[in-house]
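Here is a guided walk through one protein model. Keep the sequence and the 3D view open as you read.

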Amino acid sequence: MLMDRDISELQAIVGAENVSVRQPDLEAHSVDESWIDAHLPDVVVWPTSTEQVSAILKYANGRGLPVVPWGGGSSLEGNPVPVMGGILLALYRMKAILELREDDLQVVVQPGIVYDELNAHLRRLGMFFPPAPGSADVATIGGMVANNSSGMRAVKYGVTRDYVLKLKIVLADGRIITVGSNAKKSTSGYDLVGLFVGSEGTLGVVTEITLRLMGLPEQVAVAVASFDELSDAAQAVYEAVRYGLDPSAVEILDANTMRVTNEQQGLSFRPTPTLFVEFHGNEAGVQEQLAYLRELCEDHHCVEFQTATTAEAREKLWSARSEAHDSIKFTHPRCAMIAGDVCVPISRFSEMIAYVGELAGENGLTIYAFGHAGDGNLHTEVIARREDKDEFGRALKTTDRMIEHALALGGTVAGEHGVGAIKRHFMPREHGASLDVMRAIKAVLDPQGILNPGKIFPTL
Ligand SMILES: Cc1cc2nc3c(=O)[nH]c(=O)nc-3n(C[C@H](O)[C@H](O)[C@H](O)COP(=O)(O)OP(=O)(O)OC[C@H]3O[C@@H](n4cnc5c(N)ncnc54)[C@H](O)[C@@H]3O)c2cc1C
């Protein structure tokens, strides 16, 4: 619990106007996009420099106060929710592009810049930062680094970790360190960049990020393929990846998701399992890939195949995929959406998605399944009324069973959303003795456990 003198101390560091204990500010930073209950922080602080972050952490560490970094608050696992109160470090005002090194295809940014804003700027220069999360209009680069986010383009371009060259980090005791370099590769010492990326704000606060970038492709094409059976769609994905196609995105939506997206967005796609596939390349290469994809889909009983290459037509075709999450949300107002984010080896994806269908039937629940099929990353939303304890309990258990199944298939609990507060009970099962190594690292870097407590580890 913070005292008046703590608030005064924080005001002295960042200025009184950048500290708030007002109820609306506390509430605005008490929930992310997950279903967990709101937890109010004691205070919200908006730092504007690395030095201020350092002074805040030094003070908080001395007092043993929790500090929770917050980017766009768009996580799906309770990642930035201040479950133990304390200081909410809102980093979204630190959003400058500090340096753009066009010749090296590199950019240095503060953590609060939003993915779409950064890419809008880079696009004018013929470059982009590829991962493309579904939350691109709210996710900050700091939040993406902390969650090691990815998204639709990971199948071709990889995940956030693959693009982070260097980080400026404030440690729990206020020390400022820089990890990594501007070189594209390095074998110098332990890979601390890799360690901090994906650490969900539990090891340090990122205040500067150097990203490597990609050149924009000459041509972009989109294909939408509809199937009657989900298993056919999943098998087509497997063969596309296995037999050498190089898509920049392969997204799958089940029939339920297609139906509500049509209804909510006024679209008229076939309400059956559908693949959304994107290719980047030159004109000839893209056309060749589209033709090959069509062949593979037809081999798997595809019933409709549409393509688009102009920006406007692509946007129209892609709209169902981009609006899937919101369409589900609007269809079930006042219901909890319990998100799953398992990722399995691509050869087991078909089996995984079939298992989700079985669970829905067995438990009488509405489950939506969609996701980054090209990576074997399946997103699920189990719908449950919170006030119906039985239904809510079944929904949680069903999500757990999906995760257990994914682990049994050699997969992981979290493909891209992180562990947060919600999936931490699975950590011993997924990591075994290596969880002790993670605990040891945490103990060295944050011995008092002030940084984002109640996350990743099942017990403190
Ligand atoms: C509709 C929708 C679609 C989504 N689609 C995707 C998707 O395709 N792929 C994907 O990966 N995710 C997706 N997400 C999840 C989420 O948007 C991403 O994980 C995103 O990167 C979180 O960024 P954020 O800025 O909102 O971070 P927050 O939610 O604010 O924080 C995320 C974590 O990072 C920590 N943190 C934030 N900033 C810093 C910092 N500067 N230093 C240290 N720690 C920090 C927080 O404490 C927290 O643990 C989706 C979410 C929604 C609602």
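**A histidine in a loop**

Start with His 29, which sits in the loop between α2 (23-28) and β2 (43-45). The model is a predicted one. Is His 29 buried or exposed? Its relative accessible area is 4%. The cut-off for buried is under 20%, so His 29 counts as buried.

Look next at what surrounds it. A polar atom of the His 29 side chain lies 2.8 Å from the backbone oxygen of Asp 25. Residues up to four places away in sequence are set aside for the next list. Beyond them, His 29 touches His 39, Pro 41, Val 44, Trp 46, Trp 70, Pro 82, Leu 88, Ala 90 and Tyr 92.

One of those contacts, Trp 70, leads to strand β3, residues 67-70. In a regular strand, side chains alternate between the two faces of the sheet. In β3, Val 67 and Pro 69 point one way. Val 68 and Trp 70 point the other way. All four are buried. Strand β3 runs parallel to strand β4 (residues 87-90), and four bridges join them. Within this pairing, Pro 69 has Leu 89 in β4 as its bridge partner.

Now move along the chain to strand β17, residues 366-372. How many of its seven residues are buried? Six are, leaving the strand mostly covered. Strand β17 pairs with two strands described here. With β13 (residues 249-253), the pairing is antiparallel and has two bridges. There, Gly 371 in β17 is the bridge partner of Ile 252. With β18 (residues 377-385), β17 also runs antiparallel, and seven bridges join the two. Ile 367 stands opposite Val 382 in β18. Together β17 and β18 form a hairpin, with four residues between them. In that turn, Gly 376 has a positive phi of about 75 degrees.

Finish with the nonpolar cores. The largest has 59 residues. Which of them touch the most other members? They are Leu 275, Leu 293 and Met 352. Helix α13 (residues 349-363) supplies the largest share of this core, seven residues. Take Leu 293 as an example. Leaving aside neighbours within four places in sequence, Leu 293 is in contact with Ala 223, Ala 240, Leu 245, Val 277, Phe 279 and Phe 305. Another core lies apart from this one. That second core has 31 residues, including Val 109, Phe 128, Val 206 and Leu 213.

Note on methods:
Residues numbered from 1 in each chain as written. Predicted model: local features only at pLDDT ≥ 70, side-chain atom pairs only at ≥ 80, totals over all residues. Heavy atoms only, no water. Buried < 20%, exposed > 50% of the residue type's maximum accessible area, 1.4 Å probe, protein only. Pairing = 2+ DSSP bridges. Core = buried A, V, L, I, M, F, W, Y, C linked by side-chain atoms within 4.5 Å. Contact = heavy atoms within 4.5 Å. Polar contact = N/O pair within 3.5 Å; in protein donor to acceptor, adjacent residues only side chain to side chain.
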